[in-house]
Amino acid sequence: MKGQIMKIAVTSQNRKTITEHAGKCRKFWIYDVEKGVVSGKRLVEVSIEQSLHASHHQLAEPLAGINTLITGGMGPGLFERLMQSGILPVVTMEEDPDAAVSAMLGNRLERLPVPRGGHCHERGHFSHGAR
């Protein structure tokens, strides 16, 4: 894994704090991490059609290659989709993106549970069992 860069995305619609609804968020801080240290940080924005809520089959190009998604909240459908894609979904009460990434890298970030079941705040947006 020499030279391997880990990418952590943090939902931040207002560019200052961690956004609570990951699925609707369109702005993300992307942190590049090398050898456990942040080596870069940039803001990316996706279109509404590329939001995690709207793009069920693949991540938007600016989010491709992320290893972890830190957010203030997400539904169980998105949580499972990220897990199946090999992305670690992390829900936290921490509001500061830099502090959350630092705590994550130090294994100190307090994680919140994701509610189980098929309920989402927007009706009918997650398909359960339908293939």
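**Entry 1: Met-6 and its patch**

I started with Met-6, which sits in strand β1, residues 5-11. This is a predicted model, so I'm reading everything here as a prediction. Is Met-6 buried or exposed? Neither, as it turns out: its relative accessible area is 30%, so it counts as partly exposed, because that class lies between under 20% for buried and over 50% for exposed. I also looked up its company on the surface. Met-6, Val-38 and Leu-105 make a nonpolar patch of about 200 Å².

**Entry 2: from β1 to β2**

Next I followed the pairing of β1. It runs antiparallel to β2, and seven bridges join the two strands. I picked out one pair: Val-10 has Trp-29 in β2 as its bridge partner. Then I checked how covered β2 is. This strand spans residues 27-34, and seven of its eight residues are buried, so the rest of the structure largely encloses it.

**Entry 3: on to β3**

How many bridges join β2 to β3? I found eight, and these strands run antiparallel too; β3 covers residues 37-45. Here I noted Asp-32, whose bridge partner in β3 is Gly-40. β2 and β3 form a hairpin, with two residues between them. Lys-35 is in that turn, and its phi is positive, about 55°.

**Entry 4: a charged patch**

Last, I went looking for charge. Which residues form a negative surface patch? They are Glu-20, Glu-94, Glu-95 and Asp-96. I looked closer at Asp-96, which lies in the loop between β5 (88-91) and α2 (97-105). Asp-96 has 34% relative accessibility, so I've put it down as partly exposed.

Definitions and conventions: Residues numbered from 1 in each chain as written. Predicted model: local features only at pLDDT ≥ 70, side-chain atom pairs only at ≥ 80, totals over all residues. Heavy atoms only, no water. Patch = residues over 30% accessible without salt bridge, like charges linked within 9 Å, V, L, I, M, F, W, Y side chains within 5 Å. Areas by Shrake-Rupley, 256 points an atom, 1.4 Å probe, with all protein chains shown as cover. Salt bridge = Lys/Arg side-chain N within 4 Å of Asp/Glu carboxyl O. Lys, Arg positive; Asp, Glu negative; His and termini not counted. Charge placed at Lys NZ, Arg CZ, Asp CG, Glu CD. Helix = DSSP H or I, 4+ residues; strand = E, 2+ residues; numbered from the N terminus. Buried < 20%, exposed > 50% of the residue type's maximum accessible area, 1.4 Å probe, protein only. Pairing = 2+ DSSP bridges.
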